[in-house]
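Got the viewer open? Let's take a walk through this one, a selection at a time.

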Amino acid sequence: MGTSFGRGGATTFQQDLRNSDCIVVQGSNMAECHPVGFQWVMEAKARGAKLIHVDPRFTRTSAVADVHVPLRAGSDIAFLGGIINHVLKNQKYFRDYVVAYTNAPMILSEEFRDTEDLDGVFSGLHPDSRSYDPSTWQYAGLEVQSAAGERDEEYEDRVEAVAEAGRGEAHGSGGADIGEGEPERDLTLEHPRCVFQVLKRHFARYTPEMVERICGVPPALFQQVCDLVSENSGRDRTTAFAYAVGWTQHTVGVQYIRAASILQTLLGNIGRPGGGILALRGHASIQGSTDIPTLFNLLPGYIPMPHAHTNENLDAFIEAEAAHKGFWGDMRSYFVSLLKSYWGDAATADNDFRFDYLPRLTGTHSTYETAMAQIDGVCKGYFLLGENPAVGSANAKIQRLGMANLDWLVVRDFSLIESATWWQDGPEVETGETRPEDIGTEVFFLPAAAHTEKDGSFTNTQRMLQWHSQAVEPAGDIRSDLWFTYHLGRIIREKLAGSEDEMDRPLLDLTWDYPTHGDLAEPDAEAVLAEINGRDAEGRPISAYTQLKPDGSTSCGCWIYAGVYADGVNQAARRKPGRDQSWVAPEWGWAWPANRRVLYNRASADPDGRPWSERKALIWWDAEQGRWTGHDVPDFVADRPPDYRPPPGARGPDALAGDDPFIMQADGKAWLHVPAGLVDGPLPAHYEPQESPFTNPLYGQQRNPVRHLLKPHPDDRSAPSGADPGSEVFPYVATTYRLTEHHTAGGMSRWQPYLAELQPEFFCEVSPGLADERGLEHGGWATIVSARGVIEARVMVTARMAPLTVDGRTLHQVGLPYHWGPNGLSTGDAANELLHLVLDPNTHIQEAKALACDIRPGRRPRGPDALALLRAYRERAGITDRTGTRM
C-alpha cells in the first residue's frame, strides 16, 4: 500500500467498517483472528451490508458471510485480477475519481513491455542477477528513480544490490520519486500507452474461465462476487477490503495487496467512508513494530536505512531518498529531527547531525538471512524478545541449527519457550543430529513482564496508539522490555565511559537519560513517548510533524508519531466514550499521522472540494472559512483550496495541487501502475507459489522470477512443481492458519490451562474426500511430509475443507494451525517445520500459506527413522539443491 497510496498502514479504521455497503474479507479469518474488530463487520451487516469471505477454509467468518468463496491457496492474484478485468471490461470503474486522483492518464515509456508481451515477465529483467531494472516502467518524458529512489550514477552496478537489500520496502511511507517535470498524460484515457489502457490489456486474460481454471472458483460464484463489489462501489456506495497474513505470506505477497489496491482505486473506494483497505495486524503492536521499527532496512517513520558505500553524507542521502513533491519532500526535517533525538547536543550541523553514527546496510538482514549467518558463523550473538523461532519461524529447523552455532543467546519471554530449550530437547536431539554436550551456545533466559505489569503503548491495526497502565508490579526477576533495554544500555555505557575509541562514540553520545521510578528503577514510559513525539527549540512538545525543522532545532523520535504528546498530554491515553463524541471518535486514543482516522480523505470530495455524495461525505472545502473541514482531520494541507496550482519550481508540500489527495506520493496520485518502488514488477501478475501441483496456465513463467531465494542448504530443499518430474510425490497443498484460542507460536497460550483445554493438541483439517483417498480417520493420526520436514497431527475430517476442481482435476488442501511446539501444557509438532525459505522479494516474508505436501495415515516415525522417511521422499521426487531454483 505504500507504493500504491503513499503509506504502508491501513487506509481506514475498524469502526468505519459499519459504514460499508459491502465488505470483502480475503487473506484473513477476521471473526476468529480479530474477533473484537469483527463487531464492526457485524454492525455493517445489521445495517444491510453484504459480507464476502474468500478463503480456502470455511471458518466462523464464512459462517456469517453472505457469500463464501473457497479458492486454491496461492491463487488470489488471479481472483482479484478477474474482478479488475470485470470492472474495466464492463465500465464499472468510478471514472471521475480515476481520472482526477490516479495515474491512469499517465503515458508510459515506449520501452515498457508487459507480461502480455514477454510471456510472464516485465521489461528490464536481468536473468543473471534475478532482478529488474525499472527504468522502462517510467512515465514518458520523466526519469523515474530506482526501486529505492536513489539517484547515484552507478545504477547498473546496483541492480543486484537492490534486490538483495530489500529496497522495495524502503518506501513504506511514500512511493519512490518520479523525477522533475510533468509526465505526459491523456485525460481521455484513450492513448494506447496510458496506464489505463495498459491496465486493461494486462488483466484482459483474467477471465471468469481462467479464474475457475487457476482458483477453482466456478464462474457463477465468481460473477456473484463481481456484481456485489461493483454494485456497492461508486459515487454513493463504498466497499471495504480487509486482509491479513493470508495475503502477505507468499512469494508474491506484496502483489496480492497491490491487486486489491488497484481494484479499490478503480472503484473509488480509497479515502472514503466505508471504503479503503484494512490491513489487519496479527496482534497488539505489529503496526507499531513497523512504525518505530523492528525492520532491518527502515528507521523510525519509514525513513530508509542508509547503505554502505553509497550516499555517504547527509546531503547525498537526502538528495537520493527524498521526493521532490509531497510531504515526503520534507524528509530532511524528519531525518535531522530523528538524529537529534538519538544524539542530542552531540548532533550538530557541522558534523552532519551525526549521520555517520548510523549503522549501514551491506545487504539483506532479515530473520532468515540472519539464521543463515548464524549457521555460517558470521552472527555470533542473538537477542530474542517476543519471538519463538524454534517453532514459530519458517523452516524452524534452520532456526535451531543457527542458534546452535551461536556463542550466546538471550531469550526474554513469559515461559520456557522452545527457543530457550531446543539445545536440550529439540527435534535434532531426538534424531541424533545434535547432542547437548556438543552445543557451545550459552543460553540466557530472562523472564519478561506482561502488558499488565508495565506501562506503555501499542499501535494497533488501524494505526491507533493506545496507552495501557501498569496494573501490578512484576514478581521476582521479571522485568519489562523497557527496563531491560534501558539498563543494558546504561551498563554498556558505564563500561565504555572514558573510552577514546571512536567506535564507542555513537553509544556514549546517545541521549540515554530517562527518569526511573520505584524499587526496580523502571524507566518512565511516558518520557520515552514524549521523546518519540518530539520537542521544539525550547524543549516544548511539538504538536504536528509540520513543525519539524531541517536545521537541528527540533528533535523527534518518529515523525509520524509527532502530536501523540501534544501540549504535554498523553494523547494515546484518551478514553472518551463513543457516545460522547462523533462517529469518528477522535478522542479515543491517537492515530498517526496527526490523529487522522481515514487516510487520503481529500479523495472523499470531488476535485472542486464537494463530497462525491452526501451519504459518503467525510471532509469538504469550506470556502467561507478557507479551510478543509468535516468529520475527520483533513489528510491534506488544511488551507489549500481545490483550485490551487503550484508555481513552477515548487517542491515538497508546496508542489501539491489542490486536487492531489495522495500527499505522500511523488505526483500526488494513487498509483495503478507502479513506475518505481517495487522490485518484482509494476503490476500484479499471477505466478504459482514456489511449490505447486500445477503449471501456470497464464504464462510460460511459472514462479515470481525475482522471488527471494536464500543460498542453498541441505535442510531447505524445494519440491518439484507443475509438470516437473517428481511433483506427484507432493500432490496436495498445505496452508497454515491461526486459532482464536492460541496466539502466534504459542508462548502466550499453550501454558494456560483453560486455553490448553480448549485446543489441547496440534491437528490438521482435511476433507472427507481426502480422508477416503488417504485412509485417514477422524480423531486418528496423520503424518504430513514436505520436502523439508515430517510432522504428525491429529486428524479433523471436515467439510470445511472443500475439494476444488483446478485446471481440470481435483485438488485437496490441508489446513494446519501453526501454534504448537513440544513445550507447555498443550503440545504437538510445529507446522513451520514444513515451510521453505523462499521469500517475497520486497518484504522478505516467508511463503507460509501455500506449499506442497503429502499426507498419510498414522504417527510419524521417531528419531533417525524420521530422517530416513524424509530422505525417501526426496529421492522419489528427485530433489536436489537446484530443484525449484530456476528463474
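Is R645 buried, exposed or partly exposed? Select R645 and color by accessibility: at 49% relative accessibility, R645 counts as partly exposed. Keep in mind as you go that this is a predicted model.

Now add D659 to the selection. The side chains of R645 and D659 meet in a salt bridge, 3.2 Å from N to O. Both residues sit in the loop between strand 19 (627–630) and strand 20 (708–709), 14 residues apart. Unlike its partner, D659 counts as buried, at 14% relative accessibility.

Next, color the chain by domain. The assignment gives domain 1 (1–282 + 669–685), domain 2 (604–661) and domain 3 (708–877). Where domains 1 and 2 touch, the contact takes 18 residues from domain 1 and 15 residues from domain 2. The two bury about 1400 Å² between them, with 48% of that on carbon and sulfur atoms. Show Y101, D236 and P273 as sticks: they supply 40% of the area that domain 1 buries against domain 2, more than any other three residues.

Stay at this boundary for the charges. Four salt bridges are counted between domain 1 and domain 2. Pick R615 and D21, which form a salt bridge with their closest N and O atoms 2.6 Å apart. Then bring in R237 and K616, since salt bridges that share partners join D21, R237, R615 and K616 into one network.

Time to go inside. Select I52, F79, V217, L266, I303, F335 and W559, the residues with the most contacts inside the largest nonpolar core, which has 147 residues. Domain 1 and domain 2 both give residues to this core, so it lies between them. Apart from it lies another core of 35 residues; A394, F762, L835 and L839 are among them.

For two more salt bridges out of the 46 in the structure, try these:

- E437 and R435: the side chains meet at 3.2 Å, N to O. E437 is exposed, at 57% relative accessible area, while R435 is partly exposed at 45%.
- E587 and K576: the closest N and O atoms are 3.2 Å apart. Both lie in the loop between helix 23 (525–533) and strand 17 (590–591), so the pair ties together parts that are 11 residues apart in sequence.

Last stop, the annotations. An unreviewed UniProt entry places "domain: Molybdopterin dinucleotide-binding" at residues 734–850. Select that range: the chain there is 11% helix and 29% strand, and its end C-alpha atoms are 6 Å apart.

Conventions. Residues numbered from 1 in each chain as written. Predicted model: local features only at pLDDT ≥ 70, side-chain atom pairs only at ≥ 80, totals over all residues. Heavy atoms only, no water. Core = buried A, V, L, I, M, F, W, Y, C linked by side-chain atoms within 4.5 Å. Buried < 20%, exposed > 50% of the residue type's maximum accessible area, 1.4 Å probe, protein only. Domains from an automatic or database assignment. UniProt positions renumbered as here; feature names shortened; annotations may be inferred. Helix = DSSP H or I, 4+ residues; strand = E, 2+ residues; numbered from the N terminus. Contact = heavy atoms within 4.5 Å. Buried area = accessible area lost by both parts, 1.4 Å probe.
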